[in-house]
Amino acid sequence: MTQAAVAVVQAYYDALAQGDIEGLFAVLAADAVLEEAASLPYAGVYEGHGAWREFATVFNQVWQDPAIAVESIADAGDYVIGLARLRAKSRHTGQTIDMPLAEFFFLEAGKIKKLLPFYWDTAAVVRAIAPITNDPASH
């Protein structure tokens with residue numbers, strides 16, 4: 001990758017922070033893929049701008065006031081890595097998460113082609129959304 005690729009990822013984060021969906025799509029390939037962990041309520045592979053909109057809807061049904069604070073963006077050869085902190089409050093439980101997040105961006109022709117986010121602790125994310133209880137009636 002190049003400094004230009006790092007700039008594309010910075011533009012992605014800037015658009016995300018501003019809630020600028022058109023700015024976000026400007027740096028995403030038309031068939032960009034987002035792959036979320038299987039343990040999360042918004043798990044799955046989202047391909048294309050329409051699917052990314054669907055993901056945003058589902059994510060925002062789970063979390064209130066989500067924020068990503070970018071700590072660094074680095075060129076890693078075949079991809080760009082964004083290191084950040086994810087902060088959000090569960091709409092269901094009111095619990096908050098505040099954890100590191102690493103995102104791997106794969107670019108093609110100057111656009112983000114694939115994004116793989118890695119949450120520091122997906123179990124903590126799931127607990128914040130729906131706390132685990134020992135009450136058998138709750139299962």
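This tour of a predicted model goes through one helix and two buried glutamates.

**Helix 3**

Select residues 49-62, which form helix 3. At 1.5 Å a residue, its 14 residues should span 20 Å, and the end C-alpha atoms are 20 Å apart, which agrees. Now show the side chains of Ala 51, Trp 52, Phe 55, Phe 59 and Val 62, the buried residues of helix 3. Viewed down the helix axis, these buried residues fall within an arc of 100 degrees, so they line one face of helix 3. An α-helix has 3.6 residues a turn, so residues three or four places apart point the same way. Turn to the face directed away from the buried side of helix 3 to find the exposed residues Gly 50 and Gln 61.

**Glu 36**

Keep Phe 55 displayed and select Glu 36, which contacts Phe 55. Glu 36 lies in strand 1, residues 28-36. Glu 36 is buried but has no salt bridge; Lys 114, the nearest side chain of opposite charge, is 13 Å away. What does the side chain of Glu 36 make a polar contact with? The partner is the side chain of Tyr 119, at 3.0 Å. Beyond four places in sequence, other contacts of Glu 36 include Tyr 42, Tyr 46 and Pro 117.

**Glu 103**

From Pro 117, go to Glu 103, which is also in contact with Pro 117. Glu 103 belongs to strand 5, residues 96-108. Glu 103 is buried without a salt bridge, and the nearest side chain of opposite charge, Arg 87, is 13 Å away. Show Tyr 13: its side chain makes a polar contact of 2.6 Å with the side chain of Glu 103. To complete the view, add further contacts of Glu 103, among them Val 80, Ile 81, Gly 82, Leu 115 and Leu 116.

How values were computed:
Residues numbered from 1 in each chain as written. Predicted model: local features only at pLDDT ≥ 70, side-chain atom pairs only at ≥ 80, totals over all residues. Heavy atoms only, no water. Helix = DSSP H or I, 4+ residues; strand = E, 2+ residues; numbered from the N terminus. Expected span 1.5 Å × (residues − 1). Buried < 20%, exposed > 50% of the residue type's maximum accessible area, 1.4 Å probe, protein only. Arc of directions from axis to C-beta. Lys, Arg positive; Asp, Glu negative; His and termini not counted. Salt bridge = Lys/Arg side-chain N within 4 Å of Asp/Glu carboxyl O. Polar contact = N/O pair within 3.5 Å; in protein donor to acceptor, adjacent residues only side chain to side chain. Contact = heavy atoms within 4.5 Å.
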